[in-house]
Amino acid sequence: MTTFGNDTWWLMAAKAVAVFAFLVLTVLVAIIAERKVLGRMQLRPGPNRVGPRGYLQSLVDGIKLALKEGITPADVDHPIYVMAPIISVIPAITAFAVIPFGPEVSVFGHRTTLQLTDLPIAVLFILAMSSIGVYGIILAGWSSGSTYPLLGGIRSTAQVISYEIAMGLAFASVFLYAGTMSTSGIVAAQDRIWYVFLLLPSFLVYLVSMVGETNRAPFDLPEAEGELVAGFHTEYSSLKFAMFYLAEYINMTTVSALAATLFLGGWHAPWPFNMIEAANHGWWPLLWFVGKVWGFMFLYMWLRATLPRLRYDQFMALGWKILIPVALVWVMVAAVIHSVGNQGYPHWQLLLAITGAVITVAALLVLRTRFNALGVGRAEVTARDAESAGMFPTPPLPGRTPVGVSKEEGRG
């Protein structure tokens, strides 16, 4: 922490601009990459018209949205309606200020860390920023003066509250073993072994929670177009709609960077590159960090391409009945093993890793049992529907013969 606050003003300004540029460029690349990946996974070409092989599509879409006419409905609460997208974007950008990109480097003869700033409670600062961001969603739904946006905003509020509890419990074991809430301190504590191996249940709980926190598929229930038209931003258009889109992808980048920082060693090089001394010095760690962030971004795209949207009751049950109990049990187990390690037990790391693997397998079995029970329930409902079809037959479509009736009887 002593290295922060000693930079010159122009160096601080340059790092702030660099963070903002990184986020905006990541959003532009992520949008076109997601559309390309979804197209490849769904056996279709994806964007292929604008620019070389369609790679300028997201830039053109952004310009199009900025130049479109902004339409404001008559019944909106205008000041709040305008402020809601801004409230969503600013915390999303601010949260990235405490993410470490790399170690100390030299910039024009000045030694500085590849991080804008750090705090003793940096991880809690990120949680606070994400909590403030949800105000933009709920205010957008409320100020629109329409029922469906309001329902989308209320859903988002319940969703963030539920999954932030599980996320906070996943952080607790990281704080316990790192001995700090500072992001740079947590990265420094993983110079030998990453926490994904020691704290596997925490990593998996965080992985699910970060998808729910960012309202992404299969947890994109605040934007459920099937029943809510387009969710909380139904009444938004032009640049204000683009700001919600920007906030969503910046939040994805932030939680991905936080996952890399807390569980994948941050900017530390992966094996086998970590055996090279120069791999964790200079500007090379920036490459490892960006690669880890894009690994999580690809996971977002993969989930969207493969999983259907959950029902709202299933989604809330997953958070309250599975993730939170698993996270609570794991925090207590991790605390006991940490105490045993402090008493001088030499193999506490191995014990921690094995216990984490056992709890992970048990949680997955419980999850599988619950989903199998849902499948059995659906089969019983289908069987009842089939039985009732004979008592209350559905009239056939024009030109079609009912099931079990011959064509001659149908004509008669």
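Helices here are DSSP runs of H or I with at least four residues, numbered from the N terminus. The model is predicted.

**Close-up 1. Tyr245 and Tyr249, a tilted pair in helix α10****.** Helix α10 covers residues 238–263, and these two tyrosines sit four residues apart in it, so about one helical turn separates them. Their ring centres are 5.4 Å apart with the planes at 50°, and that angle makes the pair tilted, because edge-to-face would need planes over 60 degrees apart and stacked would need under 30. The two residues get different labels for burial: Tyr245 has 33% relative accessibility and so counts as partly exposed, whereas Tyr249, at 2%, counts as buried.

**Close-up 2. Phe203 meets Phe296 edge-to-face****.** This is one of 23 aromatic pairs in the structure. Here the ring centres lie 6.2 Å apart and the planes make an angle of 65°, so the pair is edge-to-face. Phe203 belongs to helix α8 (residues 200–213) and Phe296 to helix α11 (residues 284–306), so the contact ties together parts that are 93 residues apart in sequence. Both phenylalanines are buried.

**Close-up 3. An aromatic cluster around the same phenylalanines****.** Phe203 and Phe296 show up again here, joined by Phe171, Phe175, Tyr206 and Phe263 in one aromatic cluster.

**Close-up 4. Lys36 over the ring of Tyr55****.** This view swaps ring pairs for a charge over a ring. Lys36 lies over the face of Tyr55, 5.0 Å from the ring centre.

Note on methods:
Residues are numbered from 1 along each chain as its sequence is written. This is a predicted model: local features need pLDDT of at least 70, side-chain atom pairs count only at pLDDT 80 or more; totals for chains, interfaces and linings use all residues. Side-chain values use heavy atoms; hydrogens and water are left out. Rings of Phe, Tyr and Trp (its six-membered ring) pair if their centres lie within 6.5 Å; planes under 30 degrees apart count as stacked, over 60 as edge-to-face and the rest as tilted. Buried means under 20% relative accessible area, exposed over 50%, partly exposed in between (1.4 Å probe, protein chains only). A charge sits over a ring if NZ of Lys or CZ of Arg is within 6 Å of the ring centre and within 35 degrees of the ring normal.
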